[in-house]
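Open the model in your viewer and follow the selections below in order. Each stop says what to pick and what is found there.

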Amino acid sequence: MSPVNARPGMGLLTDLALRDLWHDRKLSLCIVASLVAVIAPLLLLFGLKYGVVSQLRDALLKDSYTLEVRMLGNGQLSQAWLNELAAQPGAAFVVPLTRSLNTQADLVWDSQRFVANAEMIPSAVGDPLLGTVPPPTQANQVVLSASAAQKLGVQKGSTFKLVVMRQLSGQHERGQLEVEVIGILPPEAFSRPAALVHLDLLLAMEDFRDGFRVPMLGLETGTLRPDTPRQYARARLYAKDLDQVSVLADWLSARQIESSTKLREIESVKAINRVLGLIFAVIAWTAAIGCAASLMGAFLANIERKRRDLALLQLLGFRRSAMGCYIMLQALLLTALAFALGYGLYAVGSWIFNQSLAVSLSDTAFVCRLEPVHLALALGSTLALAALVAALGSWRALQIQPAETLRDV
Amino acid sequence: MTTRAAPLLEIRDLAIHRGQWHIQLPELHLAKGELKAITGASGCGKSTLLELIGLVLKPEQLGCYRLGQQDIGQWLQADDQARLADTRAQQLGFVLQSGGLLPFLSVQQNIQLPRRMLGLPLHSDAVAQAVDCLGLKPLLHQQPSQLSIGERQRVAFVRAIAHEPALLLADEPTAALDPPQARRLLELMIELVQGLNMAALLVSHDWALVQDCGLSRLAAQTTAGGSCFVPC
């Protein structure tokens with residue numbers, strides 16, 4: 001009577017579980033089909049939620065235009081005032097602007113390829129317009145908008161002339177500076193021809209137009225700029241998030257500065273977001289409950305049907321824990337197969353969505369998509385649910401003494 | 001008792017109620033190589049008794065249950081299902097009324113299952129011999145559903161002795177067979193059980209056959225309220 005370890009190994013349990021499923025393959029397939037019927041639409045739903053709702057919403061919410069607070073008119077803002085503005089908790093990015101007439105210049109490659117009156121936009125580290133493009137750090141560096149770069153026919157690393165005109169003592173003067181293209185914005189970031197420049201360059205252009213002497217632009221004419229603290233006309237201002245847009249607008253308004261924001265658009269985006277969020281939540285919960293019910297129905301029916309075999313295995317000396325493993329193993333195998341098939345259907349569905357609906361979107365956008373981490377989560381939670389349902393079912397089934405089911409075996 | 005070797009199986013004061021029916025076994029001793037038949041009319045509780053002895057039913061009353069050196073009674077009292085399952089796997093072999101083969105395993109896989117469970121080598125001379133004797137060789141790769149009832153019971157018998165258990169429990173192993181076949185199977189079973197030095201309890205309602213084969217009996221004495229199984 002040596003104490004032999006009577007516990008069957010996982011290998012034997014898996015082998016038996018697989019043979020059992022294969023022997024009853026029609027019924028196994030019915031169970032799998034009932035699970036696929038819930039898993040595939042649920043994956044598509046979450047794919048759409050992530051794709052359409054999250055992705056597009058995030059795009060709207062993070063869109064630099066949406067977060068911009070445009071100050072109107074030309075004020076007299078000191079550096080200290082601007083520092084105070086930048087210190088506001090809701091302010092994500094602040095850079096001073098010169099008077100609006102002075103924020104234009106000509107970009108010239110040669111007599112054929114030039115851009116007249118391109119917008120000069122001051123930029124710095126953290127500029128939402130830049131995205132991943134590095135900011136200009138010197139006066140002779142520029143980042144071009146895609147349309148400006150295309151008109152000039154330049155690429156990153158090219159140099160061209162930036163030309164500013166003024167009238168001084170009845171004479172037309174032409175200031176110019178050789179600048180290097182250190183980056184080009186993607187087309188969707190900024191549609192008009194423009195150059196993002198270092199603030200020093202913008203200030204030099206303003207000084208130049210005000211008739212001061214600006215050697216940077218290649219001319220020694222004009223008077224010296226008096227050594228008075230500089231006043232700025234406006235600032236480029238971006239809020240950290242949607243809720244901060246109105247806070248910043250109110251802050252400006254309290255200082256008699258009018259501003260224009262995309263508040264109305266923001267409100268409608270938020271409303272759509274709320275409605276879509278609710279719709280998706282309700283559908284997702286309904287589907288998830290349906291999935292749980294489907295799992296429960298399938299596995300409890302399976303256990304009920306297998307009761308005789310389970311009693312037989314117990315009679316042969318399989319412990320209850322081993323029987324529980326056996327039942328859970330079958331549930332997990334069926335669920336994994338159902339998930340694989342469901343994923344296949346989801347892949348087809350999302351491909352159709354993306355092919356037929358994504359034409360209007362840019363390259364990076366998608367209608368329906370799940371990241372690997374989402375799939376892993378979905379698989380994990382489905383398996384966990386299956387294991388839970390099977391554990392409950394097997395616990396119930398194994399409470400019954402094997403003798404009671406053996407008589408009619 | 002002191003002069004005799006300790007019996008392989010020793011049970012005293014085993015009882016259970018099935019509804020209003022009281023089933024009782026005052027005493028049972030079984031030595032190695034010994035076979036006993038449990039006889040009685042239909043419905044008197046023979047199968048229930050076999051299930052109690054087979055550790056798949058918890059008795060309401062139990063004086064003593066020893067198998068080999070082991071006190072199984074304490075595990076029954078404590079409802080220690082894990083130990084009882086291990087005991088079933090190692091020490092007991094069952095033949096159910098209609099065979100009780102797993103439908104998803106072939107004949108050979110069914111026969112090998114008890115040995116696989118215990119991690120024993122799949123081949124055993126005793127099994128090979130039994131397969132030969134019972135004429136099961138051509139059936140080894142068939143599914144249970146393809147077999148006749150008689151064939152199923154022969155397979156179930158081989159499966160029950162495959163791991164060479166101490167005690168074989170068979171519930172009407174010959175009931176579904178015609179008399180000559182039943183007799184042949186029973187004789188073969190007796191021969192194999194004695195050859196392997198196992199003990200066996202066979203439930204049977206055919207006590208003429210049992211007597212012909214020279215088995216001692218544990219017969220149900222039926223009263224108004226139940227059955228009491230006593231040697232005769």
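UniProt positions are given here in the numbering used for this model, and such annotations may be inferred rather than shown by experiment. The model itself is predicted.

**Stop 1: the annotated spans of chain A.** Select residues 27–48, 275–303, 324–353 and 373–392 of chain A, which an unreviewed UniProt entry lists under "transmembrane region". Two of these spans can be checked end to end. Residues 27–48 of chain A are 100% helix and 0% strand, with 32 Å between their end C-alpha atoms. For residues 373–392 of chain A the end C-alpha atoms lie 28 Å apart, and the span is again 100% helix and 0% strand.

**Stop 2: the domains of chain A.** Colour chain A by its three parts: domain 1 covers 10–62 + 269–406, domain 2 covers 73–95 + 237–257, and domain 3 covers 99–231. Place a distance marker between the C-alpha centres of domain 1 of chain A and domain 3 of chain A; it should span 59 Å.

**Stop 3: a helix pair in chain A.** Next, show helix α8 (residues 263–305) and helix α11 (residues 372–399) of chain A. Their axes are 9 Å apart and meet at an angle of about 35°. The crossing of α8(A) past α11(A) is right-handed. To see the contact, show side chains for A292(A), L295(A), M296(A), F299(A), L300(A) and I303(A) on α8(A), and for L385(A), A386(A), V389(A), A390(A), G393(A), S394(A) and A397(A) on α11(A). The residues in this contact are 11 nonpolar, 2 polar and no charged.

**Stop 4: where the chains touch.** How many residues does each chain give to the contact? Chain A supplies 24 residues and chain B supplies 29 residues. On the chain B side, select α1 (46–53), α3 (81–91) and α4 (107–118), the elements that each give two or more residues. The largest share there, 7 residues, belongs to α3(B). Coloured by class, the side of chain B that touches chain A shows 15 nonpolar, 9 polar and 5 charged residues.

**Stop 5: a helix pair in chain B.** Keep α4(B) and add helix α6 (residues 149–161) of chain B; the two pack with axes 7 Å apart at an angle of about 25°. That angle is why α4(B) counts as roughly parallel to α6(B), the cut-off being under 35 degrees. α4(B) passes α6(B) in a right-handed crossing. On α4(B), pick V107(B), N110(B), I111(B), L113(B) and P114(B); on α6(B), pick V155(B), V158(B) and R159(B). The contact of α4(B) with α6(B) comprises 6 nonpolar, 1 polar and 1 charged residues.

Technical notes: Residues are numbered from 1 along each chain as its sequence is written. Chains are lettered from A and ligands numbered from 1 in the order in which they are written. This is a predicted model: local features need pLDDT of at least 70, side-chain atom pairs count only at pLDDT 80 or more; totals for chains, interfaces and linings use all residues. Domain bounds come from an automatic or database domain assignment. Two residues are in contact if their C-beta atoms, placed from the backbone, lie within 7 Å. Helices (H or I, at least four residues) and strands (E, at least two) are DSSP runs, numbered from the N terminus. Ala, Val, Leu, Ile, Met, Phe, Trp, Tyr, Cys and Pro count as nonpolar, Asp, Glu, Lys and Arg as charged, and the others, Gly among them, as polar. Axes are lines fitted to C-alpha atoms, for helices over the stretch in contact, and angles run from 0 to 180 degrees between N-to-C directions. A crossing is left-handed if the near helix is turned anticlockwise from the far one by less than a right angle, and right-handed if clockwise. Angles under 35 degrees count as roughly parallel, over 145 as roughly antiparallel, 65 to 115 as roughly perpendicular and the rest as oblique.
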